[in-house]
Amino acid sequence: MNRRPLRSLALLMLALGAVAAGLARGEVYQEPDAFVAEVFGSKPPAPKVLWLTQDIQTQAAAILGHPPAQLRQRHWSDSHRSVWILEEIGKEELITAGFVVVDGRIDHVRVLVYRESRGQEVRAPSFLKQFKEAKLAPDDRLDREIDGIAGATLSVAAMQRMARLALFLDRIIRK
Amino acid sequence: MKKSNLALALAAAFAASPALGQATVDQKLEILQQEIDDLKAQARRAAPPTQQPAAPYAQDYGSPLGRSLSLGSGGTNITGYGEMGYSKFRRSGDARADLQRFVFGFNHRFDEQLTFHSEIEIEHAVVSSSDNGEAEIEQAWLNYKVSDAANVKGGLFLIPLGILNETHEPPTYYGVMRNQVETRVIPTTWRELGAGVHGIAGEGLRYDAGITTNFDSGKLDDPTTGIRSGHQEGQLANARNLAVYAALNYRRPGLLVGGGIFTGDTGQNGASNPALRGVSARLTLWDLHAQYRVAGLDLQALYAAGSLGDSDRLNAAILANATANGTTPFAAPKTIRGGYVQAAYHAYRRGQFDIAPFARYERIDIKQQEDPANGQLQDPNNIERIKTFGVNFWVHPQVVLKADIQRYTTDKSQDRFNLGLGFMF
């Protein structure tokens, strides 16, 4: 066998390893507490709990495509902002994301933990900024199209479901 | 947390919380939740280091039931996809219905960094010695994640060439049948045994490179599918000659641009055909591809090309094999090229429903090493143009109905009308 390609690959892998070591980051991008503190400053409001009554569960299930996994959802809120730390499965594993809702619109979104082996592109600012100012349409869908990412279809769908749920839950606590 | 510990925690919470007497029900529950969280945290701190879940999965991210905890160690899940179709051939009038494939995958997380991924495929519904079905392992690989930027993988994994080879769940592509370029030029679903490194090297830029098993040109037995019939699929693969691959893909919302290359010798020192002893028969295959989605329009294009060296010696080996087995010799593939352009438009979206008509034009040029004296000739069907017009109708983002018409320029017996149903979960 011609060994030149193997040598080239070994060099390539070493170079990539060096690059990777330089760029190495954990998969927990931000702790939820830090996300909340970023929104509310050093004195965030105490967490509150929203009971997911049967009626809320039914509506949440329509958004998620499955019943919510818990009966209570924790959140942080003041007079016009609310913060929700939500989790949904992308393809194989849970994605943990933080959503800030201001006056019924998404203010910003951040992926806090991403566990899948592929699809990390959903945490890129270029993807997440599409959610800014999004609100719920009358059918509880987002009022805009979110461009997907090739190869991360299910993670993109999970992010959209969580954004809709955050807006829906914000609407509930504002009633 | 064990149930007994939870009961203790609740008891302690009631006993130790004087505020409970005056609080509302919600306040009481919140106090109890806080107590439970504190006790959980204490229990984690008290656990021996070997049993203590590491930081990311030890967190209860605001989900009162703490589902993430179960993924810290020992999380296993099942995924799957499948497709079935009906084809009516224009010339012969024949029709055929088939459960083309059902694939299920088991995935397991050993800890925060080490995961296992697999897919097991059953093609054509029934697998037995007298049927056409196949059961095969499509993927079985382990991934060690150092960070998003650096993963190491090993096992039987998909080669990152083209678009379809790694992402081939039916709801992710247009048309009942997979496109022919990524079937006959890039032999989707193409996997090899090997090891690689992959990750994100910058915002949206993903790399993947490694060393794997390779084709065995001594196993070539189908002149109509380029090099496909020489693939080994991890089945007692002759591994005297290995291959290297590298791929780069840049993704932004709505945009994918990328390419890859795979190269290595395929002679395998004559392990399958003694006439190939000492023959390198080098295979090099590369591709460039792009996807762009804007304003309901989906545009996609791909070009792939490759070559197989020592085609005259491959011809001699094929001839020797055919003579020994009493079969018809064929001409070895020499150069392999193909490309397609595709456009689709999401004409109707309401709720989960999404209807997108599409059109695709494909060109395939598989040139063979002709030796007329021995009856080894170019197969005319290897120079093909295919037009496909159809529609995808997603009734759910993960479930799709498809219909299309295909017209072949050379092999008109393949002209057909197709209906399909696909899903993934």
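In what order do the elements of chain A run from the N terminus on? In this predicted model, they go α-α-β-α-β-β-β-β-α-α. Put as a tally, that makes five helices and five strands for chain A. Chain A has 175 residues, and buried ones make up 45% of them. Contacts in chain A also reach along the sequence: taking those between residues at least 6 apart, 59% join residues at least 24 apart.

Two of the helices in chain A are worth a look as a pair. Packed helices are described by two things, the angle between their axes and the distance between the axes. For helix H3 (residues 54–64) and helix H5 (residues 153–174) of chain A, the angle is about 155° and the axes are 9 Å apart. Angles over 145 degrees count as roughly antiparallel, so that is the label for H3(A) and H5(A). Their crossing is right-handed. On the H3(A) side, the residues that meet H5(A) are A:Ile56, A:Gln59, A:Ala60, A:Ile63 and A:Leu64. Facing them from H5(A) are A:Arg161, A:Arg164, A:Leu165, A:Phe168 and A:Ile172. Sorted by character, the residues of this contact come out as seven nonpolar, one polar and two charged.

Over in chain B, the story turns to strands. Strand S12 (residues 333–345) of chain B is joined to strand S11 (residues 297–308) of chain B by eleven bridges, and the two run antiparallel. Within this part of the chain, B:Gly306 stands opposite B:Ile336 of S12(B). S12(B) also pairs with strand S14 (residues 353–368) of chain B, again through eleven bridges and again antiparallel. Here B:Ala344 has B:Phe358 in S14(B) as its bridge partner. As a rule, side chains in a regular strand alternate between the two faces of the sheet.

Past S14(B) comes a loop that leads to strand S15 (383–396) of chain B, and B:Asp379 sits in that loop. Is B:Asp379 buried, exposed or partly exposed? A residue counts as buried with 20 or more other C-beta atoms within 10 Å, and as exposed with 12 or fewer. B:Asp379 has 15, so it is partly exposed. Leaving aside residues up to four places away in sequence, B:Asp379 touches B:Pro223, B:Thr224 and B:Gln368. There is also B:Ala331, 48 residues from B:Asp379 along the chain, with 8.1 Å separating the two C-alpha atoms.

Note on methods: Residues are numbered from 1 along each chain as its sequence is written. Chains are lettered from A and ligands numbered from 1 in the order in which they are written. This is a predicted model: local features need pLDDT of at least 70, side-chain atom pairs count only at pLDDT 80 or more; totals for chains, interfaces and linings use all residues. Helices (H or I, at least four residues) and strands (E, at least two) are DSSP runs, numbered from the N terminus. Two residues are in contact if their C-beta atoms, placed from the backbone, lie within 7 Å. Two strands pair if DSSP finds at least two bridges between them. Axes are lines fitted to C-alpha atoms, for helices over the stretch in contact, and angles run from 0 to 180 degrees between N-to-C directions. Angles under 35 degrees count as roughly parallel, over 145 as roughly antiparallel, 65 to 115 as roughly perpendicular and the rest as oblique. A crossing is left-handed if the near helix is turned anticlockwise from the far one by less than a right angle, and right-handed if clockwise. Ala, Val, Leu, Ile, Met, Phe, Trp, Tyr, Cys and Pro count as nonpolar, Asp, Glu, Lys and Arg as charged, and the others, Gly among them, as polar.
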